[in-house]
Amino acid sequence: MDTLRAGVIAVQGDVTEHADAIERAADAHGVDADIVEIRSAGLVPDCDVLLMPGGESTTISRLLEREGIDGEIQAHVAAEKPVLATCAGLIVASQDAKDDRVQTLDILDVTVDRNAFGRQVDSFEAPLDVAGLDSPFPAVFIRAPLIDEGDDDVEVLAEWDGNPVAVRDGPVVGTSFHPELTADSRIHDLAFFDELEVEVEA
Ligand code: GLN
């Protein structure tokens with residue numbers, strides 16, 4: 001069995017659920033996932049794929065900078081290696097979060113509005129049509145950011161209420177919602193593998 005070394009940024013936020021989702025997606029491809037929890041510099045360069053989970057974007061960005069992990073993530077993307085950035089991870093990955101407390105990594109050519117959905121409703125689940133998936137994805141939104149502007153090279157994978165909530169920019173996939181909070185690992189499949197293999201349970 002091949003091994004996929006998957007780094008989950010673990011300075012703060014939800015780690016275990018993402019590790020489980022990566023393992024399920026990898027398994028469908030006959031690949032073993034070696035999960036590396038990243039809290040310090042020096043580990044990212046050995047990872048094949050990276051995951052930037054939700055949590056609190058101000059804290060995550062500060063810790064990435066303090067630990068010197070920020071530049072390593074940018075180098076990973078420059079090498080065209082896949083990243084899945086979810087919720088607060090998407091905020092940190094963006095070009096601009098319109099908030100001085102978040103040092104964005106600018107690996108995903110979009111601007112975001114933190115907590116935009118949260119102002120209306122704190123959290124909700126919605127069936128989402130996602131490009132490339134043949135049935136709706138159960139998307140869980142928790143104080144989710146709104147993606148409001150993107151460069152032309154950014155592909156919109158899903159919209160909710162007229163706004164993009166899942167996008168792809170080269171090797172980076174970003175979602176406003178939390179794809180790790182359901183048993184459905186198709187978003188991880190979509191981000192990390194070229195051919196989709198994960199089946200949805202009926
Ligand atoms: N609103 C949070 C932030 O700005 C993100 C919420 C989440 O990741 N669930 O960082």
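In the predicted model, Cys87 occupies the loop that separates β4 (83-86) from α4 (88-93). Although Cys87 is not a glycine, its phi is positive, at about 50 degrees. With a relative accessible area of 4%, Cys87 falls below the 20% limit and is therefore classed as buried. A positive phi, near 50 degrees, is also found at Lys98, again a residue other than glycine. Lys98 is placed in the loop between β5 (94-96) and β6 (108-113). Its relative accessible area is 49%, and Lys98 is accordingly partly exposed.

Cys87 is also one of the residues around the ligand, a set that further includes Gly54, Gly55, Glu56, Ser57, Ala88, Ile91, Arg114, Asn115, Ile142, Arg143 and His178. Polar atoms of the protein approach the ligand at several of these positions. A polar backbone atom of Ala88 is 3.1 Å from an oxygen atom of the ligand. At Ile142, a backbone N or O atom lies 3.1 Å from a ligand nitrogen atom. The side chain of His178 places an N or O atom 2.8 Å from a nitrogen atom of the ligand. Of the 300 Å² of accessible area that the ligand has on its own, 97% is covered by the protein.

In soluble globular proteins, nonpolar side chains tend to be buried together. Here, the largest nonpolar core comprises 37 residues, among which Ile22, Val130, Phe141, Phe177 and Phe192 touch the most other members. Helix α6 (residues 186-192) makes the greatest contribution to this core, with four residues. A second, separate core contains 32 residues, including Ile38, Val44, Leu64 and Val167.

Phe141 has a relative accessibility of 0% and is thus counted as buried. Beyond its neighbours within four places in sequence, Phe141 is in contact with Phe117, Asp122, Ser123, Phe124, Ala126, Trp160, Val165, Ser176 and Phe177.

Four aromatic pairs are found in the whole structure. In one of them, Phe124 and Phe141 are stacked, with 4.6 Å from centre to centre and 10 degrees between the planes. Because Phe124 belongs to strand β7 (residues 123-128) and Phe141 to strand β8 (residues 137-142), the pair ties together parts that lie 17 residues apart in sequence. Phe124, like its partner, is buried, with a relative accessible area of 18% for Phe124. Ring pairs join Phe124 and Phe141 with Phe137, Trp160 and Phe177 in a cluster. Within this cluster, Phe141 and Phe177 are also among the residues that touch the most other members of the largest core.

Conventions
Residues numbered from 1 in each chain as written. Predicted model: local features only at pLDDT ≥ 70, side-chain atom pairs only at ≥ 80, totals over all residues. Heavy atoms only, no water. Core = buried A, V, L, I, M, F, W, Y, C linked by side-chain atoms within 4.5 Å. Buried < 20%, exposed > 50% of the residue type's maximum accessible area, 1.4 Å probe, protein only. Helix = DSSP H or I, 4+ residues; strand = E, 2+ residues; numbered from the N terminus. Contact = heavy atoms within 4.5 Å. Phe/Tyr/Trp six-rings, centres within 6.5 Å; stacked < 30°, edge-to-face > 60°. Near = heavy atom within 4 Å. Polar contact = N/O pair within 3.5 Å; in protein donor to acceptor, adjacent residues only side chain to side chain. Areas by Shrake-Rupley, 256 points an atom, 1.4 Å probe, with all protein chains shown as cover.
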